[in-house]
Amino acid sequence: MNPKPTRRDALDNRERILAVAREAVAASSGVSNGVSLTAIAKEAGVGIGTLYRHFPTREALILELYRHDIQHLIDRAPVLLTEHPPLVALRRWFDEVAHYGRLKYGVAEVIHAATDGGADDEYLAPFVAAIDVLLKAGAADGSLKPGIDPEDVLLQLSVLWRIDPTRPGAEARAGRILDLVVDGLRTTP
């Protein structure tokens, strides 16, 4: 038995809900319980029943945002390498990760719980692989130290998820931390 294909209008509704939810989570500094699902449905131009058909719980909506955003980051690594030298591509990718970290700040507990503390996260290996692609390109052109473990870099980046985006200077702090990370990865300071 083949499942019935999803109608185009249902797919459009889903995408609008996700777009509005992403903005709402960002506006609430990532605090998932500060986001009104009713307000998201209204802003997306759908009824609350439609929202719940796509996302039966607040957590389901947050996890779908996570999946979409993390896949976008994974896909961006090779694209940035086609557009920039490896060191620049790495830093730009890190900046995108930092932006994602600001969105993830208040919803990290939901994601952490749903992925068994990261152990069951289907995106972990592809995310580490994206880091590895950037590191190997930099090692190949001599701008980055060879043999860097991408999981070590991920651990360094995880501090971005802990920066409270509502505090003054949060974005500047993330930039300084990324500068430190990149300086540690370079072959020359």
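Of the 189 residues in the protein chain, 42% count as buried. Keep in mind as you look around that this is a predicted model.

**The whole chain**

Start with a cartoon view coloured by secondary structure. You will find nine helices and zero strands, so the eye can follow the helices alone: along the sequence the pattern reads α-α-α-α-α-α-α-α-α. Now switch on contacts between residues at least 6 apart in sequence; 70% of them join residues at least 24 apart.

**Stop 1: α1 and α2**

Select residues 8-27 for helix α1 and residues 37-44 for helix α2. Their axes come within 9 Å and cross at roughly 125 degrees, which makes α1 oblique to α2. The crossing of this pair is right-handed.

Next, show side chains where the two helices meet. On the α1 side, pick Arg16, Ile17, Val20, Ala21 and Ala24; on the α2 side, pick Ile40, Glu43 and Ala44. Colour them by class and you get six nonpolar residues, no polar ones and two charged ones.

**Stop 2: α4 and α7**

Select residues 58-83 for α4 and 124-141 for α7. How far apart are the axes of α4 and α7, and at what angle do these helices pack? The axes are 9 Å apart, and the angle is about 15 degrees. The two helices are therefore roughly parallel to each other, and α4 passes α7 in a left-handed crossing.

To see the contact, show Ile70, Leu73, Ile74, Ala77 and Leu81 from α4. Facing them from α7 are Pro126, Phe127, Ala130, Val133, Leu134 and Ala137. Which classes of residue make up this contact? Eleven are nonpolar, with no polar and no charged residues.

**Stop 3: α7 and α8**

Keep α7 on screen and add α8, residues 150-157. Here the packing angle is about 105 degrees, with the axes 9 Å apart, so α7 and α8 are roughly perpendicular to each other.

For this contact, select Leu124, Phe127, Val128, Ile131, Asp132 and Leu135 on α7, then Pro150, Glu151, Val153, Leu154 and Leu157 on α8. By class, the contact has nine nonpolar, no polar and two charged residues. Phe127 is worth leaving highlighted, as it takes part in the contact of α7 with α4 and in the contact of α7 with α8.

**Stop 4: leucine 157**

Zoom in on leucine 157, which is found in helix α8. Is this residue buried or exposed? With 1% relative accessibility, leucine 157 counts as buried.

Now show what surrounds it. Not counting residues up to four places away in sequence, leucine 157 touches Trp93, Phe94, Val97, Ile131 and Leu178. Try a distance label between the C-alpha atoms of leucine 157 and valine 97: it should read 8.0 Å, although the two residues are 60 apart along the chain.

**Stop 5: the nonpolar cores**

From leucine 157, widen the selection to the largest nonpolar core, which has 36 residues. Those with the most contacts inside this core are Trp93, Phe94, Phe127, Leu157, Leu160 and Leu185, so several side chains from the earlier stops reappear here.

Which elements give two or more residues to the core? They are α4 (58-83), α5 (86-104), α7 (124-141), α8 (150-157) and α9 (170-185). Colour the core by helix and look for α5, which supplies the largest share, eight residues.

Finally, find the other core that lies apart from this one. This second core has 16 residues, including Val20, Ala21, Val35 and Ile62. Val20 and Ala21 should look familiar, since both belong to the α1 side of the contact with α2.

Methods:
Residues are numbered from 1 along each chain as its sequence is written. This is a predicted model: local features need pLDDT of at least 70, side-chain atom pairs count only at pLDDT 80 or more; totals for chains, interfaces and linings use all residues. Side-chain values use heavy atoms; hydrogens and water are left out. Axes are lines fitted to C-alpha atoms, for helices over the stretch in contact, and angles run from 0 to 180 degrees between N-to-C directions. Helices (H or I, at least four residues) and strands (E, at least two) are DSSP runs, numbered from the N terminus. Angles under 35 degrees count as roughly parallel, over 145 as roughly antiparallel, 65 to 115 as roughly perpendicular and the rest as oblique. A crossing is left-handed if the near helix is turned anticlockwise from the far one by less than a right angle, and right-handed if clockwise. Contact means heavy atoms within 4.5 Å. Ala, Val, Leu, Ile, Met, Phe, Trp, Tyr, Cys and Pro count as nonpolar, Asp, Glu, Lys and Arg as charged, and the others, Gly among them, as polar. A nonpolar core is a set of buried Ala, Val, Leu, Ile, Met, Phe, Trp, Tyr and Cys residues joined through side-chain atoms within 4.5 Å. Buried means under 20% relative accessible area, exposed over 50%, partly exposed in between (1.4 Å probe, protein chains only).
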